[in-house]
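Reader: Please take me through this structure, one topic at a time.

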Amino acid sequence: MAAMAGRVKSVTENPRLQQCYVTHGEAAARAAAARTRAQARATGEATLCPLQPQNAGIIVCGSSRRSMVNERAANTAPVVGVVGATGAVGVELLRCLEQRRFPLAQLRLFASTRSAGRKLVFRGEPLEVRELREDSFHGVDIALFSAGAATSRRFAPLAVQAGATVIDNSSAFRMDPAVPLVVPEINPQALRSHQGIIANPNCCAIISITPLWPVHRANRILRLLLATYQSASGAGAAAMEELRESTRACLEGREYTPRVLPHPYAFNLFSHNTRIDPATGYNDEELKVIQETRKIFGDPTIRVSATCVRVPVLRAHSMAISFECERPISPDVVRELLRSAPGVQLVDDAERNYFPMPKDASGQDAILVGRIRQDLSDPSGRSIALFVAGDQLLKGAALNAVQIAERL
Ligand code: NAP
Ligand code: 2RA
């Protein structure tokens, strides 16, 4: 969270917000106040959140219907809502907020009716999960969504209307030109243009291109080929359970009928469980990596191809990557560029045959990168092959979202 400094301003002093309240009502004024706060944070100026319920005090304005609302005390920490708090990503969002000591006025947890009433522990205290409803966002400043694209499409606009800034882990808004798609290590400047919703990219896109960004800046990448080895947790908590259960059944010689994923998972691997696009033959996961790479890099000309595969690993995705640069490039130059790259850790020990593994990447913030070598299929010396492993629940989802929230 950017440090709050400078003069404190409230809606009572801000004629634009007062007028907005009078003309358009509380929800619109709250949205405008949220935008003002974001701008103020970007410029280092502090504001009050006067339309939030936990602010004490009174502001008086000229609406004929509602002339008074509660104004908060000068509390600049936001109220954060986590939508999908009980899921594989949701649980990690809570951990990231806790471990990174994210400043909070309040944390509210939401899920479906199935989990309403459940308690999750946050900072040592049990917090009740509430059913997500249309009026859930009253007083929420930042809403972290990880409950699938359908839920985001329905509820994210309501959250924005209520004054929240949404950081969405689903694919619902990623390719919307009005929505920034952000990896803080790559394109933090895109956050400046948000209009209430910020999209967190696809996990494979984040994990594969974060280490490539320093290379792209030094020697433009023209073409990128990748093959993924995606873990069960990428398909949610239920898929992790299916991997455990089916493996147990297989070892005990019992029949197991898959319920979550389309194919037997134990001691097997299969093409990613998303729809195949009839026009291209690529599945949706592969198309996301292709399109999102272009948007995040701000380079519509980069040529990308991907083959996405689900493997029987519980956590952390891996990728074999090959890329072609504009000019010749050596493995040593890539190693040097990555040694100081943010969010990246080199694991490239040829002597011990020790390279990135999902086991090592699990629970780690950093994306592990190794097996850096010249791609021998390109005699021009412009291509490099490497291997990465990254925790897709963390950098591929929860951590990236919290890093974005820290910049608001
Ligand atoms: P998950 O483990 O299946 O969890 C889904 C969460 O959403 C649960 O908390 C569930 O609540 C909640 N939910 C489902 N339907 C809901 C509804 N109608 N209203 C409110 N809450 C609802 O899935 P996940 O893996 O965490 O993925 C969540 C989102 O993050 C997806 O959009 C996914 O594409 C995205 N994502 C996932 C990963 C990953 O590695 N898993 C990475 C990047 C992005 P209940 O407990 O009540 O069912
Ligand atoms: C996966 N794209 O299938 C997901 C993670 N969101 O692994």
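**The ligands and their surroundings**

Reader: Which residues come nearest to ligand 1?
Author: Of the 29 residues around ligand 1, the nearest are Gly84, Gly87, Ser112, Ala147 and Gly236. A residue counts as near a molecule or strand if its C-beta atom, placed from the backbone, lies within 6 Å of it. This is a predicted model, in which local features need pLDDT of at least 70 and side-chain atom pairs count only at pLDDT 80 or more, while totals for chains, interfaces and linings use all residues. Residues are numbered from 1 along each chain as its sequence is written, and chains are lettered from A and ligands numbered from 1 in the order in which they are written.

Reader: Which elements give two or more residues to that shell around ligand 1?
Author: They are α3 (88-99), α4 (149-161), α7 (237-251) and α11 (394-406). The largest share, three residues, is that of α3. Helices (H or I, at least four residues) and strands (E, at least two) are DSSP runs, numbered from the N terminus.

Reader: And what surrounds ligand 2?
Author: The residues around ligand 2 are Asn202, Cys203, Gln230, Gly234, Ala235, Glu285 and Gln392. By class, two are nonpolar, four polar and one charged. Ala, Val, Leu, Ile, Met, Phe, Trp, Tyr, Cys and Pro count as nonpolar, Asp, Glu, Lys and Arg as charged, and the others, Gly among them, as polar.

Reader: How many of each class does ligand 1 have around it?
Author: The shell around ligand 1 has twelve nonpolar, 16 polar and one charged residues.

Reader: Changing topic: what is the strand order in the open sheet of six strands?
Author: The order is β14-β12-β16-β19-β18-β17, and the pairing is mixed. Strands pair if DSSP finds at least two bridges between them. Because β14 (303-307) and β17 (344-346) stand at the edges with a single partner strand each, one side of each has no neighbour in the sheet. From one strand to the next, the twist averages 25°.

Reader: In which sense does β17 pair with β18, parallel or antiparallel?
Author: β17 and β18 (residues 367-374) pair in the parallel sense, over three bridges. There, Val344 has Ile367 of β18 as its bridge partner. By contrast, β18 and β19 pair in the antiparallel sense over five bridges, and Gln374 stands opposite Ile384 in β19.

Reader: Which helix packs on the sheet?
Author: Helix α9 (residues 331-339) does, touching β17, β18 and β19 (383-390), and its direction makes about 165° with that of β18. Such angles run from 0 to 180 degrees between N-to-C directions, along axes fitted to C-alpha atoms, for helices over the stretch in contact. Two residues are in contact if their C-beta atoms, placed from the backbone, lie within 7 Å.

Reader: Next, Arg101 and Ala316. Is Arg101 buried or exposed?
Author: Arg101 is exposed, with 9 other C-beta atoms within 10 Å, and has a positive phi of about 50°. Ala316 is buried, with 31 such atoms within 10 Å, and its phi is near 85°. Buried means 20 or more other C-beta atoms, placed from the backbone, within 10 Å; exposed means 12 or fewer, and partly exposed lies in between.

Reader: Finally, what pLDDT does the chain average?
Author: The average is 86, and 82% of the residues score at least 70; pLDDT is the predictor's confidence in each residue, from 0 to 100.
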